[in-house]
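Here is a short tour of a protein model, written for someone new to reading structures. Keep the 3D view open and follow along.

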Amino acid sequence: MKQNIYDDIDFFENYGKMPRSIEGLNAAGEWHVLKNMLPDFRGKNVLDLGCGYGWHCIYAKEQGAEHVIGVDLSKKMIDKAKENSKGLSIEYDQKPIEDIEFENEHFDIIFSSLTFHYIQDLEALFGKINQYLKRGGSFVFSMEHPVFTAKAEQDWYKDENENRLHWPVDHYQNEGVRQTNFLGHKVVKYHRTVAGILNAVVNSGFNITQISEPKPSEEIIEKYPEMTDELRRPIFIMIAACKS
């Protein structure tokens, strides 16, 4: 069975305390950049892989998408997404995103936010995404940046007084499993180099149209001063591509 840490009661409760869980997209430090990488949703068929709380599904529907499907492995996430999007015609499917099955060239837009660093065989999944996307369709995703995933510890190097000195990068070229700690729980992630991610996109039949390593907006930093250190290293990489 695929990793399903989000259905752990304690983990899910801790995740629910994060600003992006409470306030939605406007509390996500990368959203001000990501939303500008998204195409026009009006009249489109949209698939959200790793839909979580359903925030992006809701946004797509509010922007005029015709049909929206959100897929997530976690039952608790799907239940929360249904609760958040009550009154909107959004379809949710609880399953591993690696196991999706749809008609060829069914979607105009396939999107994923902060999910792909949990996927072992990224190129196999990208191949499916290409198969289910219409010609000229848009593929947009974000994931943890390789500078962030290189070391399993995913933590700052600090002095004896716990002051953050720098963000360490080591074993960068060694792609593969990282046994990390997130919200007090052991979580399996997969590290890839920047080249590994970009080549997986290109090798799966996509043309890359935009790449971003976003930093928090001034408004987000003013609201959440603790995010100031996010200006010191990239935490996410975001890619927009189209089916060639």
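## A hairpin to start with

Strands E8 (176-182) and E9 (residues 185-191) pair up in the antiparallel sense, with seven bridges between them. Keep in mind that this is a predicted model. To find your place in the pairing, look for Thr180, which stands opposite Val187 in E9.

How many residues sit between E8 and E9 in the hairpin? There are two, and Leu183 in the turn has a positive phi of about 55°.

## Strand E1 and its parallel partner

Now move to strand E1 (45-49). This one is mostly covered: five of its five residues are buried. In a regular strand, side chains alternate between the two faces of the sheet. In E1, Asn45, Leu47 and Leu49 point one way, while Val46 and Asp48 point the other way. Whichever way they point, all of these residues are buried.

Which way do E1 and its partner E2 run, parallel or antiparallel? E1 and strand E2 (residues 67-72) run parallel, joined by five bridges. If you want one pair to click on, take Leu47, whose bridge partner in E2 is Ile69.

## Rings meeting rings

Time for the aromatics: the structure holds 20 aromatic pairs. Let's look at Phe116 and Phe126. Their ring centres are 5.3 Å apart and their planes sit at 65°, so this pair is edge-to-face; the cut-off for that label is an angle over 60 degrees. Phe116 lies in the loop between strand E4 (107-113) and helix H6 (122-132), and Phe126 lies in H6 itself, so the pair ties together parts that are ten residues apart in sequence. Both Phe116 and Phe126 are buried.

Phe148 and Trp167 meet in another way. Their ring centres are 5.2 Å apart, but the planes are at just 10°, so the pair is stacked. It links distant parts of the chain, 19 residues apart: Phe148 is in helix H7 (residues 146-149), and Trp167 is in the loop between strand E7 (164-166) and strand E8. With a relative accessible area of 10%, Phe148 is buried. Trp167 is buried too, at 12%.

## A cluster, and two lysines over rings

Some rings gather into a group. Tyr6, Phe11, Phe12, Tyr15, Tyr53, Trp55, Tyr118 and Phe182 form one aromatic cluster.

Which lysines lie over the faces of Phe12 and Phe182? Over Phe12 you'll find Lys76, at 6.0 Å from the ring centre. Over Phe182 you'll find Lys189, at 5.2 Å from the ring centre.

## A hole inside

Is there any empty space to explore? The count comes to one cavity of 30 Å³ or more. About 60 Å³ of space lies in the largest cavity. Its lining is made up of Trp31, Leu38, Phe41, Val46, Asp48, His56, Cys57, Tyr59, Ala60 and Phe111.

What kinds of residues are these, going by nonpolar, polar and charged? Eight are nonpolar, one is polar and one is charged. Strand E1 and helix H4 (55-62) each supply at least two residues of the lining. The largest share, four residues, comes from H4. You've already met Val46 and Asp48, which point the same way from E1, and both appear in this lining.

## Two unusual backbone angles, and a histidine

Leu114 is not a glycine, yet has a positive phi of about 55°. You'll find Leu114 in the loop between E4 and H6. Its relative accessible area is 17%, so Leu114 is buried, given that buried means under 20%.

Gln154 is another case: its phi is positive, about 45°, although it is not a glycine. Gln154 sits in the loop between H7 and strand E6 (157-158). It is buried as well, with a relative accessible area of 13%.

Last stop: His32, in helix H3 (residues 31-34). At 28% relative accessibility, His32 counts as partly exposed. How far apart are His32 and Glu230 in sequence and in space? They are 198 residues apart in sequence and 15 Å apart in space, C-alpha to C-alpha.

Technical notes: Residues are numbered from 1 along each chain as its sequence is written. This is a predicted model: local features need pLDDT of at least 70, side-chain atom pairs count only at pLDDT 80 or more; totals for chains, interfaces and linings use all residues. Side-chain values use heavy atoms; hydrogens and water are left out. Rings of Phe, Tyr and Trp (its six-membered ring) pair if their centres lie within 6.5 Å; planes under 30 degrees apart count as stacked, over 60 as edge-to-face and the rest as tilted. Buried means under 20% relative accessible area, exposed over 50%, partly exposed in between (1.4 Å probe, protein chains only). A charge sits over a ring if NZ of Lys or CZ of Arg is within 6 Å of the ring centre and within 35 degrees of the ring normal. Two strands pair if DSSP finds at least two bridges between them. On a 1 Å grid over the protein atoms alone, a cavity is a set of points where a 1.4 Å probe fits but cannot get out, and a pocket is an open set with protein on both sides within 12 Å along at least five of seven lines; lining residues have an atom within 4 Å of a point. Grid points are joined across faces, edges and corners, and a volume is the space filled by probe spheres set on the points. Ala, Val, Leu, Ile, Met, Phe, Trp, Tyr, Cys and Pro count as nonpolar, Asp, Glu, Lys and Arg as charged, and the others, Gly among them, as polar.
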